[in-house]
Amino acid sequence: MTRATLSDVLRPAGERGYAVPGFVCLGWEDSRAFVTAAAAEAAPVILQAGPGCRAHTPLPVIAAMFRHLADSVTVPVVLHLDHGRTADEIEAAIAEGFTSVMYDGSALPLDDNIRTTAAISRTARAAGVSCEGEIGFVGYAGGAASRSTDPAEAARFAAETAVDAMAVAAGNVHLQTEATAELDEPTLSAIRRATGWQVPLVIHGGSGVPEAQRTSLARSRLVAKFNIGTEIRQTFGAALRSSLQANPAEFDRNRLLGATEVPLVEKARHIFQTLGASGTAA
């Protein structure tokens, strides 16, 4: 059994100076590739079921897939619900065996965000599950603008919610297709100081952050988790298009999608390596 909580994998990362990728999963092929890559790199991995995944596949099916994959390897695998919007959704994920949940109250007024996140954090802790919250607001490419995290508000949020990890906004943006979002490192440092370096920080929209900065932020212990989605989807799309173009007569779904596995594994292994996570689960 290698199912792990978010706290299990992020605490060592923050202490030792590496980061763990939270891979956004959309189906069997990419989820299996992430676990295969983690095993090859002897690294912990976080499998994330976000709103897009949950809209396409029922939560019990996702949970069963994640449990099966976690139990197939010897490295720590976190079963994480990403961007949960309601207490009912969070409780359903916990009942299905998710080991980590993220409640996203970032669009709420500060007091409401703290109150609701704290209640969900207590529910998760009672079940032996980790809880991630968000303070500030991480916007979307071509959509809602970000609102940078205030260090003083982050300190209050961390103290009053007792979350195991805290997603923050410091120049990061969801769904960015190019790695041009340079993060505001002074703000990240100020947040870490304000929270006493106690709560691991999470960067959503990690695909938009330049690779060199991701490496640097992991090594400096400022960020313990990067959510990675868009660049993996780009890898998947490129591999699938290449397969279709090379084999125009092919119609077998398994063969077409199977052509994405090697590129996805290679991409995921590279991400583990650049975040310094390789070998940490050996």
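This note goes through strand β4, its pairings, two residues with positive phi, the surroundings of H174, and two helix packings in a predicted model.

1. Strand β4 as a covered element. Strand β4, which spans residues 77–84, is mostly covered in the predicted model, since eight of its eight residues are buried. It is a convenient place to begin reading the structure, and the next points follow its pairings in turn.

2. Pairing with β1 and β3. Strand β1, made of residues 3–4, pairs with β4 in the parallel sense over two bridges, and within this pairing A4 stands opposite V78 in β4. Strand β3, residues 45–49, also pairs with β4 in the parallel sense, here over five bridges, and L47 is the residue that stands opposite L79 in β4.

3. Pairing with β5 and the crossover. Strand β5, residues 100–103, pairs with β4 in the parallel sense over three bridges, with L81 standing opposite V101 in β5. The connection from β4 to β5 deserves a look as well, for β4, helix α5 (residues 87–95) and β5 together make a right-handed β-α-β unit.

4. H83 and its backbone. H83 is found in strand β4, and its phi is near 55°, a positive value in a residue other than glycine. The residue is buried, with a relative accessible area of 5%, which places it under the 20% limit used for that term. I would inspect its backbone in the model with this value in mind.

5. L175, a second positive phi. L175 likewise has a positive phi, of about 65°, although it is not a glycine. Its place is in the loop between β7 (165–168) and α8 (185–194), and with a relative accessible area of 45% it is partly exposed, whereas H83 is buried.

6. H174 and its contacts. H174 lies in the loop between β7 and α8 and is buried, with a relative accessible area of 10%. Leaving aside neighbours within four places in sequence, H174 is in contact with H83, V138, G139, Y140, A141, H204 and G205, so that the loop residue H174 touches H83, itself a residue of strand β4. As for T215, H174 and T215 are 41 residues apart in sequence and 19 Å apart in space, taken from C-alpha to C-alpha.

7. Packing of α10 on α12. The axes of helix α10 (residues 230–246) and helix α12 (residues 261–274) come within 9 Å and cross at roughly 155°. Because this angle lies over 145 degrees, α10 is roughly antiparallel to α12. The crossing in which α10 passes α12 is right-handed, and the contact is made by E231, I232, T235, F236 and A239 of α10 with P263, L264, K267 and I271 of α12.

8. Packing of α2 on α12. The axes of helix α2 (residues 28–41) and α12 come within 8 Å and cross at roughly 50°, which makes α2 oblique to α12. Here too the crossing is right-handed as α2 passes α12. The contact is made on the α2 side by E29, D30, R32, A33, F34, T36, A37, A38, A40 and E41, and on the α12 side by E261, L264, V265, A268, R269, F272 and Q273. L264 of α12 thus takes part in the contact with α10 and also in the contact with α2.

Conventions: Residues numbered from 1 in each chain as written. Predicted model: local features only at pLDDT ≥ 70, side-chain atom pairs only at ≥ 80, totals over all residues. Heavy atoms only, no water. Buried < 20%, exposed > 50% of the residue type's maximum accessible area, 1.4 Å probe, protein only. Helix = DSSP H or I, 4+ residues; strand = E, 2+ residues; numbered from the N terminus. Pairing = 2+ DSSP bridges. Right-handed = clockwise from strand over helix to strand, strands pointing away. Axes fitted to C-alpha atoms, helices over the stretch in contact; angles between N-to-C directions. Parallel < 35°, antiparallel > 145°, perpendicular 65-115°, else oblique. Left-handed = near helix turned anticlockwise from the far one by under 90°. Contact = heavy atoms within 4.5 Å.
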